[in-house]
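Trainee: I should like to go through this entry and ask on what grounds each description rests. May we begin with the order of the elements?

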Amino acid sequence: MSEKCKQTVKGVGQWGAFKMCQCSFPVWTEHPEDGYCKMHHPVTVEARRDKSQAAWDKKWANRPEVRLVEMTKQRDALYEALGEILSLAVAWAAYYQAVYEAGGTFDPEHKSIIDKAKVALALVEKP
Ligand SMILES: [Zn+2]
C-alpha cells in the first residue's frame with residue numbers, strides 16, 4: 001500500500017481554488033520518510049526553482065539595457081588603462097626627447113609618434 005503525498009493543493013474545476021485538498025500522488029519512493037510525492041518534494045521543488053532562476057538570470061543578463069551598462073563599465077575600464085599607459089608613454093617620450101635633443105641626435109620622425117600619443121591621450125581622457 002502506498003501513502004499519499006502530504007502537500008495541500010488546489011482542487012479541480014471552477015471552484016477548485018476554494019477547495020484545498022491533499023495531493024493525490026503517491027509518496028516518492030526515493031524519500032518515503034519525508035511524505036511528499038516527487039513533484040512536491042523539497043529537493044525537487046528547489047531544483048526546479050534554481051533552474052528557473054538560472055534561466056531568468058541568463059535572460060536578464062542578455063537584455064540590451066543590462067548589456068549596455070556592462071559594456072559601458074568595460075569601456076570605462078579600458079579608457080582608464082589606456083590613459084595610464086599613454087600618459088606614461090608620453091612622459092617617457094618627453095624624457096628621451098630632452099635627452100636626445102641635448103645630444104643632438106633626436107630623430108624628427110619620433111616627434112610625430114609622440115604627437116600622436118598625445119592626441120590619443122587627449123581622446124582617452126575625454127571619452
Ligand atoms: Zn504531491
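Mentor: In this predicted model, the elements follow the order β-β-α-α-α from the N terminus. The chain thus holds two strands and three helices.

Trainee: What makes a run of residues such as 108-125 count as helix α3?

Mentor: A helix is a DSSP run of H or I with at least four residues, numbered from the N terminus. Residues 108-125 carry the name helix α3, and residues 42-61 the name helix α1.

Trainee: How do you know which of the elements has the highest mean pLDDT and which the lowest?

Mentor: The mean is 96 for helix α1, the highest among the elements, and 84 for helix α3, the lowest. Over the whole chain the average pLDDT is 90, and 98% of the residues score at least 70.

Trainee: How does the radius of gyration of the chain stand against that of a compact globule?

Mentor: For 127 residues the globule rule gives a value near 14 Å, but the chain has 34 Å. The C-alpha trace spans about 100 × 35 × 15 Å along its principal axes.

Trainee: What makes a residue buried, and what share of the chain is buried?

Mentor: The cut-off is 20 or more other C-beta atoms within 10 Å of the residue's own. Of the 127 residues, 3% are buried.

Trainee: Which domains does the assignment give, and how far apart are their C-alpha centres?

Mentor: The assignment gives domain 1 (8-61) and domain 2 (64-124). Their C-alpha centres lie 60 Å apart.

Note on methods
Residues are numbered from 1 along each chain as its sequence is written. This is a predicted model: local features need pLDDT of at least 70, side-chain atom pairs count only at pLDDT 80 or more; totals for chains, interfaces and linings use all residues. The radius of gyration is taken over C-alpha atoms; the globule rule is 2.2 Å times the number of residues to the power 0.38. A residue is buried if 20 or more other C-beta atoms lie within 10 Å of its own, exposed if 12 or fewer, and partly exposed in between; C-beta atoms are placed from the backbone. Domain bounds come from an automatic or database domain assignment. pLDDT is the predictor's confidence in each residue, from 0 to 100.
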